[in-house]
Amino acid sequence: MTEIYFIISIILIVTLFIARVTVISHALVFIYIGLLGWLCVKEWLLLDQPVEGLLHADALGVLFLFVTLIITFFSTIHYIIYAQKRNQGVRAIAIHNGSFVIFVTAISGVFLSTHIGLLWAFLEASTLSGAALIYHDRDRLALEATWKYLFVSSIGVTLGFAGIMFLSIAAHNTPNDIGSLIAAAPLMNIGWIKTSFIFVLTGFSVKMGVVPLFTIDIDAKDSSPSPIGAMFSGPLMSVGFMAIYRFYQIYSHTSILPWMNNLLLFTGVLSLFLAAVFILKTNNYKRMLAYSSMEHAGLILVAFSTGVTGYLVAILHLTIHAFAKAGLFFEIGQVHRVFSSKIMEQCGGYFKISPIGSITLLAGLLAIVAFPPSGLFMTEFMLFKSLMISGEWWIVFIVMFLLCFFVYAMVRNFFTLIFIDNPNAKIIAKVNPLESVPPLFLIGTVLVVGVMRPEFIIDLINRAILVLPH
Amino acid sequence: MISLLVIAFGVTLIYLAVAERMKTYNSLIAVQGLLLFFITYVELESLDVWHLILILMETLVIKVIVLPYFIHRLLIKKGGDRSVALVVPGYISLTVVSAIIFFSFLLSYLLHDQQIQVKYFTGAIAAIFTGLYLIIVHKQVFTHMMGYLTIENGIFLLSLAIGNEMPLLVNLAVLLDVFSSVLILGIFIDRLEAFSTLDVDQLEELKD
């Protein structure tokens, strides 16, 4: 059944590259989104049934598929606005839409793969199609970002493949599907699986946007159109997490579990630290959002490293963050259009230009800095609680200290943009208040989730983490 | 026979460390592809038709013919063969790559794992680290891509060293990805030259 999804996707992709009528091109993307919706529901209904084959989502895969579906839908709407306002040619739209559908198909492939090799292949496909999306504006900066993304990402994903090879050595002749590997895990050689995990974490850090290969992820989010920045901060970060999680899932049944947790903790804290340094320095709104994503990715790793209590927190945080950040990227896209700049010195007084847009930004600010009632407040509260219960006071202190820098930088920069008039800010275009509705909806969801427990999401996460040792 | 082929593969790595012309890099990568084909052919005795076709595609067709031809065309388009800017003197690179090969051998020998074949494992690890070394010490996007291809060849050899076969579908997907990644990297090298930025030092506009 899942094969049908891929076959129809391929047909749609080919048609999208050929189609030279803008309306048809956009309509085809919506047909694809409908197909993705069908896949999400189908996989959700089949969750408890044993399914043979290489492509079948577990509970975590289903959750991430739903997140991808929602953000893809809003991203498509915003891209239509983006293309209209910038008078994009029909060829540029065709290339974008074709690459976009390949990108989302590759992402969904990662969530569906039950075979480590196939997961890698989809991951690499997401890199290649992602490069075409970053190159959308075809200027010098886009070219630089694309080259760096393509090259470093390819190196990263190749190192990840070496990690798979080391896993194969440790697993002897066990087939590389996740179920068989989990069963064979207790007999694996410790040295090989440690090496494998280091390679995997290094290589796939490029997708999650954490240390060490985070830089190109920042450049990509900055140089690509805002709707793509939203995809990179949400679904693609989930892809990176999923890739690392699959190996964690296998190795957690061995004695290296505490060692892996320490490594994740170290990576998370270092990512937080570097993001804190850079977010204070940057004068570009999109880069600020990108560093904020890095901060949250670091927090997710810290939460995950705390073990049983942290698994739920980490995945919930990842899910909620995807919505909040997508909303902010969409709204910053409008700011970029109004001032024809994303540089802080060239923007200001946004409240007078777009009151609804400003309210969206303020709501987004509350959501992203984890101020109550943000859903991220709930997850961060749970994280600190679990750290305190386990007596990890020094981590609580370091993380809280670093978070202060993010709150300061984000509040300062957003308030300057919204409330301070800037004589250097030139208003190039006007925005329709309706354009702020989708980001407001996404950010509103994040705020509502902080008050009302998202049972559907929590149930899926609880089912997913059942396979991890308790 | 296999030992000779792996040694020849090691020699290409040493040659890569001191090569000065772009064409030489391209030829060396093609020779590596050819050696990989022979190694695979000799190693995998009981092959079914599909796997044989796939390996032929990956090594002979893609690594030996298509990619080197594509890069060759790119070089001609950009004014023919040129010398690469060596940031580190050749003799130092020679020493480093020799040391990489030596330590790769030492590592493989000391591991004593029944699952791996020492010869291939040595070649694979040496190629991966030589590729990374080439990327670190060179400042041109062309040589960076050559470093990436060397790493790819190392990974191919690593999969031989392990001998754990993946399903045909997965192999096909991996092959398609590797092929398209190099092709797309090539296309972007072409674009970068349009901006006359073959040197990575000129790619630093994106910063805070």
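In this predicted model, helix α4 of chain B is followed by H112(B), a residue whose phi is positive, near 50 degrees. The helix that ends before this residue is a useful place to begin, and the rest of chain B, its contact with chain A and chain A itself can then be taken in turn.

Helix α4(B) runs over residues 90–111, and its 22 residues should span 32 Å at 1.5 Å a residue; the end C-alpha atoms are 31 Å apart, which agrees with that expectation. Its buried residues are S93(B), V97(B), I100(B), I101(B), S104(B) and S108(B). Because these residues cover an arc of only 90 degrees around the axis, they lie on the same side of α4(B). An α-helix has 3.6 residues a turn, so residues three or four places apart point the same way. On the other side of α4(B), the exposed residues are Y91(B), T95(B), A99(B), F102(B), L106(B), Y109(B) and L110(B). The cover over the buried residues of α4(B) includes α1 and α5 (118–137) of chain B.

A second helix of chain B can be described in the same terms. Helix α2(B), residues 22–43, has 22 residues that should span 32 Å at 1.5 Å a residue, and its end C-alpha atoms are 32 Å apart, which agrees. Its buried residues include M22(B), Y25(B), L28(B), I29(B), L35(B), L36(B) and I39(B), and also N26(B), Q32(B) and T40(B). Among the elements that cover the buried residues of α2(B) are α1 (2–18), α3 (49–77) and α6 of chain B.

Chain B as a whole contains seven helices and zero strands, while chain A contains 20 helices and zero strands. The table sets out some values for the two chains.

| Item | Chain A | Chain B |
|---|---|---|
| Helices and strands | 20 helices, zero strands | seven helices, zero strands |
| Buried residues | 61% of the 470 residues | 42% of the 208 residues |
| Contacts joining residues at least 24 apart, among those between residues at least 6 apart in sequence | 81% | 76% |

Where the two chains meet, the contact takes 32 residues from chain B and 37 residues from chain A. On the side of chain B that touches chain A, the elements giving two or more residues are α6 (141–162) and α7 (168–194) of chain B. Of these, α7(B) gives the most, with 12 residues. The residues on this side of chain B divide into 20 nonpolar, six polar and six charged.

The C-alpha trace of chain A spans about 65 × 55 × 40 Å along its principal axes. Its radius of gyration is 21 Å, close to the 23 Å that the globule rule gives for 470 residues, so chain A is as compact as a globular protein of that length.

The largest nonpolar core holds 239 residues, of which V110(A) and I244(A) touch the most other members. The largest share of this core, 20 residues, comes from helix α6 (residues 140–171) of chain A. Leaving aside residues up to four places away in sequence, I244(A) touches V200(A), L201(A), F204(A) and M208(A).

Another residue of chain A, I10(A), lies in helix α1, which covers residues 2–18 of that chain. With 13 C-beta neighbours inside 10 Å, I10(A) counts as partly exposed. Its C-alpha atom is separated by 9.0 Å from that of T105(A), a residue 95 residues apart from I10(A) along the chain.

Notes:
Residues are numbered from 1 along each chain as its sequence is written. Chains are lettered from A and ligands numbered from 1 in the order in which they are written. This is a predicted model: local features need pLDDT of at least 70, side-chain atom pairs count only at pLDDT 80 or more; totals for chains, interfaces and linings use all residues. Helices (H or I, at least four residues) and strands (E, at least two) are DSSP runs, numbered from the N terminus. A residue is buried if 20 or more other C-beta atoms lie within 10 Å of its own, exposed if 12 or fewer, and partly exposed in between; C-beta atoms are placed from the backbone. The radius of gyration is taken over C-alpha atoms; the globule rule is 2.2 Å times the number of residues to the power 0.38. Two residues are in contact if their C-beta atoms, placed from the backbone, lie within 7 Å. A nonpolar core is a set of buried Ala, Val, Leu, Ile, Met, Phe, Trp, Tyr and Cys residues joined through C-beta atoms within 7 Å. Ala, Val, Leu, Ile, Met, Phe, Trp, Tyr, Cys and Pro count as nonpolar, Asp, Glu, Lys and Arg as charged, and the others, Gly among them, as polar. The expected span of a helix is 1.5 Å times one less than its number of residues. The arc is that of the directions from the helix axis to the C-beta atoms.
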